[in-house]
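Trainee: I have a new structure open and would like to discuss it. Could we go through it together?
Mentor: Certainly; please put it on the screen.

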Amino acid sequence: MSNIKNITIVGHASKGKTTLCEAMLNVAGVTERMGKIADGNTVSDCDAEEKKRGVSISSSVLQFNYNNSKINVIDTPGLFDFAIGSSEGLRAADTAIVVVSSRSGIAAGAEKAFKNAGKKGMARMIVTTKMDDERADFYKSFNGLVAKFGTSMCPVVVPVISGGKVAGYYNMIEDKTYSYDGIKVTATDAVHDDEGRFEAIKEVFNEAVAGTDDELMEKYFEGEPLTKEDKIKGISIGLADGSIVPVFALSGATGEAVNQLLDFITQCAPAPKSEYATDENDEPVELAVDPSAPLAAICFKSIADPFIGKLNFFKVIRGTLTQGMTVVNSRTGDEERVGKLVNMLGAKQTDVKDCQAGDICAIAKLSTFKTGDSMCAQGNVVTLDRVAVPYASYSMAIVPEKKGDEEKISNAVSRLMEEDPSIKFVSNTETHQTVLSGLGEQQLDVVLSKMKDKYKVNANLIQPKVAYRETISKKVSTQGRHKKQSGGHGQFGDVFIEFEPCDSDELVFDERIVGGSVPKNFFPAVEKGLRESMEKGVLAGYPMVGVKATLFDGSYHPVDSSEMSFKMAASLAFKNGIPQASPVLLEPIVTLNAICNDEAMGDIIGDINKRRGRVLGMNPTGDGMQEIIAEVPQAEMTTFSTSMRQITQGRGSFTTEFARYERCPEHITQKVVEEAANEE
């Protein structure tokens, strides 16, 4: 188990994560040559959509052996629209490698990934890629990392700049410099152009390593050089407890210094560690990484593909998973028999006999398991922490291109939601629209594309309607008289009703009939007629709220009056009276909880004000972030997700929750009424 290394590659989009994975596989001898994103032949970007778009859109598992260790690498997307991939990787791995470009420095995605890994208590490493670019500047990038993340930054492999170019890579642990021809490596005695700077960065490494252990600190202060074993010991301690964040310079595109990263992973990256779960009584229980204990595993990723079938990816926390064993899904309580176990290399599957504590595998054709579910041994059911699913903040209504394809859309989206739980799909009974929600425009575009290619159903996205309400603003009295004679028994109902505003989400019905002008047995019919009328208001056809109706007079016919007659009379009273009661349109207001970086706070508040929002308060949350609490009309929130991302450069996040209905401004009311009239 100590030789299992679970690594996730995270960071901003287009900074070299997938290219680094290609180089790792090539250096480890898994592939004969490195694939390229532009050519659509990388191992991890194996989905058809990824090849078409030239970008990672889902996490990919790469399992291989190197130097007597099993390395499980999870390559994750950097685009914020596909943040579920990063969440999957962080849930399954023990170490996060944050990829930063040595040319452009720290981007927002790297910053978020670094913080998210830190919150989970994971070991963190930083790789500065693209050292083959002539504009690369490792030392500037390293200073930027220290400025942003603090003095835990510890240089491990740094470039030796000779004659203004990278002549080799110096390994602090081995105290040696290596030069590269592609991935071919040779020792070199290249000398750094700026020896003073080079010695200073060596000192940063020695201080960081010595600070992890009292024995090493004593040795360091006495001026005794640290041995290779000392350095590995110190850096392993610091990496595991978070006091050290190793930093590597390399080039993924050429493979230079990637072997040194792999060597470091096998020597220093922490082995899988114990986790806490809850038992059937909701009591916390610690799960030690023990292959002989009862099984407990977390499903961190799912694939539901019509071509390759269903695959669930598991990290085994405790026990040993074997083919044919019966397991329990702690969420559903269902028992299932485990079928074929496989290791993954992108899309390539390799059968394995078992999967021990700490390791990762995929299982085909499980019917009840979804991302985030816990798999347990019979008689020992526990629930592990689920995958953190990002909040679906961007919503559009989905409409089929062909009438009658609604069910096909529903089935296709349900399958896609098994793969990506950050997608939400809700049928809004008020607006009669089906709303598709996700993390952004690109994600929903991918959903449509996959629906078309994999499930042969075409659909379009349109702006979702807002569920407005209508009410009245003054008191009126009106008559409703229904009289019909058509031979034999006729129909007669006559009511006088007073309508007035009230504080209620539905109709409040009352009566003050004196002298039996309307018999009591017709009161329920009057109320029913009014309630049915409330379903469609007089302004734009939206449901009505906040109306009190009092039946105070009327008349009846001993033969011709019936429940239907009085129901019709009540409807006529409603139709006559409500337009006179100054009807108004109400719009839904949501409470917005936005988290943004300090620098963006002013712009976010300005954006909220432009959306007719009211800022209620602000609170610092730490890490240079601010929480803004505001109330905003729901109709103005459609594009907030895009604005938030642009203003905060992806650092911000937000959630909304329905608060109440408020009176709509006159110009908005006119627009909504016109739109409703045009639809008719």
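Trainee: Is lysine 52 buried or exposed?
Mentor: Lysine 52 has a relative accessible area of 53%, so it is exposed. Buried means under 20% relative accessible area, exposed means over 50%, and partly exposed is in between, with a 1.4 Å probe and protein chains only. Please keep in mind that this is a predicted model, in which local features need pLDDT of at least 70 and side-chain atom pairs count only at pLDDT 80 or more, while totals for chains, interfaces and linings use all residues. Residues are numbered from 1 along each chain as its sequence is written, and side-chain values use heavy atoms, with hydrogens and water left out.

Trainee: Which side chain meets lysine 52 in a salt bridge?
Mentor: Aspartate 453 does, at 3.9 Å from N to O. A salt bridge here is a side-chain nitrogen of Lys or Arg within 4 Å of a carboxyl oxygen of Asp or Glu. Side chains of opposite charge can pair when their charged atoms come close.

Trainee: Where do these two residues lie?
Mentor: Aspartate 453 is in helix α11 (residues 441–455) and lysine 52 is in helix α2 (residues 48–53), so the pair ties together parts 401 residues apart in sequence. Helices (H or I, at least four residues) and strands (E, at least two) are DSSP runs, numbered from the N terminus. With 37% relative accessibility, aspartate 453 counts as partly exposed. Both residues also belong to a network of salt bridges that links Glu49, Lys52, Arg53, Asp445 and Asp453.

Trainee: How many salt bridges are there by this rule?
Mentor: The count comes to 37. One of them joins aspartate 81 and arginine 645, with the closest N and O atoms 2.1 Å apart. This pair links distant parts of the chain, 564 residues apart: aspartate 81 is in the loop between β3 (69–75) and α3 (83–92), and arginine 645 is in helix α15. Aspartate 81 counts as buried at 2% relative accessibility, whereas arginine 645 is partly exposed at 28%.

Trainee: Turning to helix α15, at what angle does it cross α14?
Mentor: The axes of α14 (residues 601–610) and α15 (residues 640–648) come within 10 Å and cross at roughly 160°. Axes are lines fitted to C-alpha atoms, for helices over the stretch in contact, and angles run from 0 to 180 degrees between N-to-C directions. The two helices are therefore roughly antiparallel; angles under 35 degrees count as roughly parallel, over 145 as roughly antiparallel, 65 to 115 as roughly perpendicular and the rest as oblique.

Trainee: Which residues meet there?
Mentor: Asp603, Ile604, Asp607 and Ile608 in α14 meet Phe640, Ser643, Met644, Ile647 and Thr648 in α15, where contact means heavy atoms within 4.5 Å.

Trainee: And how are α8 and α9 placed relative to each other?
Mentor: They are roughly perpendicular. The axes of α8 (residues 228–241) and α9 (residues 258–268) come within 10 Å and cross at roughly 75°. Lys228, Ile232, Ile235, Ser236 and Leu239 of α8 make the contact with Phe264, Gln267 and Cys268 of α9.

Trainee: What about the whole protein: how many helices and strands does it have?
Mentor: It has 16 helices and 36 strands. Its C-alpha trace spans about 110 × 55 × 50 Å along the principal axes, and 54% of the 680 residues are buried.
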